[in-house]
Amino acid sequence: MFEGSYPLTLDAKGRLTIPTEMREQLEALSQGRLTVTRHFGTLLRIYPQPEWERMRALMAERFTPREEPVRRLIIGSADPVQMDGAGRILISPILRKAAKLDKRVVLVGDLQRFEVWDEEVHARYLDEQAEAGIPDAMRDALGF
């Protein structure tokens with residue numbers, strides 16, 4: 001499971017270095033094979049290959065024609081990548097543009113996957129969520 005936030009820098013070629021703490025886990029889980037794809041808003045999601053295969057199968061099985069725009073966004077922008085020996089992955093120019101990623105980014109662990117955000121966009125998002133407070137349903141479910 002992946003958790004935590006890691007401020008990182010994209011290099012001039014658009015490569016992202018996966019933090020050392022996560023590399024061994026990703027090597028064991030997927031031999032460094034990942035899929036980067038768009039998500040709603042200005043962020044990307046990175047899936048280890050087994051999790052991506054599970055998500056892809058769920059979309060194929062359960063999505064109806066009504067959910068086609070969601071499937072098209074996620075599947076249509078999927079980019080399989082391989083971590084190199086230095087733990088870097090290339091974020092394609094198309095995906096960098098879609099997520100408005102420049103140089104300073106944040107890699108966020110989200111249990112079975114990661115998210116990649118522009119650093120400023122992520123900070124604003126967290127501030128907005130903190131101001132909004134905890135939804136009642138979540139408060140009840142988690143005992144807050």
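What covers the buried residues of H2? Helix H1 (20–30), E3, strand E4 (43–48) and helix H3 (68–76) are among the elements that do the job. Keep in mind that this is a predicted model. Below is a quick tour of helix H2, then the sheet, then Thr37, a residue of strand E3.

**Helix H2**
- H2 takes in residues 49–62, which makes 14 residues.
- From its first C-alpha to its last it reaches 20 Å, close to the 20 Å expected at 1.5 Å a residue.
- Its buried residues are Gln49, Glu51, Trp52, Met55 and Met59. Looking down the axis of H2, you'd find those buried residues within an arc of 160 degrees, so they line one face of the helix.
- Flip to the face turned away from the buried side and you meet the exposed residues Ala60, Glu61 and Arg62.

**The sheet**
- Six strands make up an open sheet, and the order to follow is E1-E7-E8-E4-E3-E5. The pairing is antiparallel.
- Strand E1 (5–9) and strand E5 (79–82) sit at the edges. Each has a single partner strand, so one side of each is left without a neighbour in the sheet.
- On average, neighbouring strands of this sheet are turned by 30 degrees against each other, direction ignored.
- As background, strands of a sheet pair through backbone hydrogen bonds, and they can do so parallel or antiparallel.
- For edge strand E1, five bridges join it to strand E7 (residues 104–110), and the two run antiparallel. If you want one pair to look up, Thr9 has Arg104 as its bridge partner in E7.
- Helix H5 (residues 119–132) lies across E1, E7 and strand E8 (113–118). Relative to E8, H5 runs at about 105 degrees.

**Thr37 in strand E3**
- Thr37 belongs to strand E3, residues 33–39.
- Is Thr37 buried or exposed? Its relative accessibility is 1%, so Thr37 counts as buried; the cut-off for that is under 20%.
- The side chain of Thr37 has a polar atom 2.5 Å from the backbone oxygen of Ile74.
- The side chains of Thr37 and Ser77 are joined by a polar contact of 3.1 Å.
- Setting aside neighbours within four places in sequence, Thr37 is in contact with Leu44, Arg45, Tyr47, Trp52, Leu73, Ile74, Ser77, Ala78 and Leu95.
- One of those contacts, Trp52, takes you back to H2, where Trp52 is one of the buried residues.

Key:
Residues are numbered from 1 along each chain as its sequence is written. This is a predicted model: local features need pLDDT of at least 70, side-chain atom pairs count only at pLDDT 80 or more; totals for chains, interfaces and linings use all residues. Side-chain values use heavy atoms; hydrogens and water are left out. Helices (H or I, at least four residues) and strands (E, at least two) are DSSP runs, numbered from the N terminus. Buried means under 20% relative accessible area, exposed over 50%, partly exposed in between (1.4 Å probe, protein chains only). A polar contact is a pair of N or O atoms within 3.5 Å; within protein, one must be able to donate a hydrogen and the other to accept it, and residues adjacent in sequence count only if both atoms are side-chain atoms. Contact means heavy atoms within 4.5 Å. The expected span of a helix is 1.5 Å times one less than its number of residues. The arc is that of the directions from the helix axis to the C-beta atoms. Two strands pair if DSSP finds at least two bridges between them. Axes are lines fitted to C-alpha atoms, for helices over the stretch in contact, and angles run from 0 to 180 degrees between N-to-C directions.
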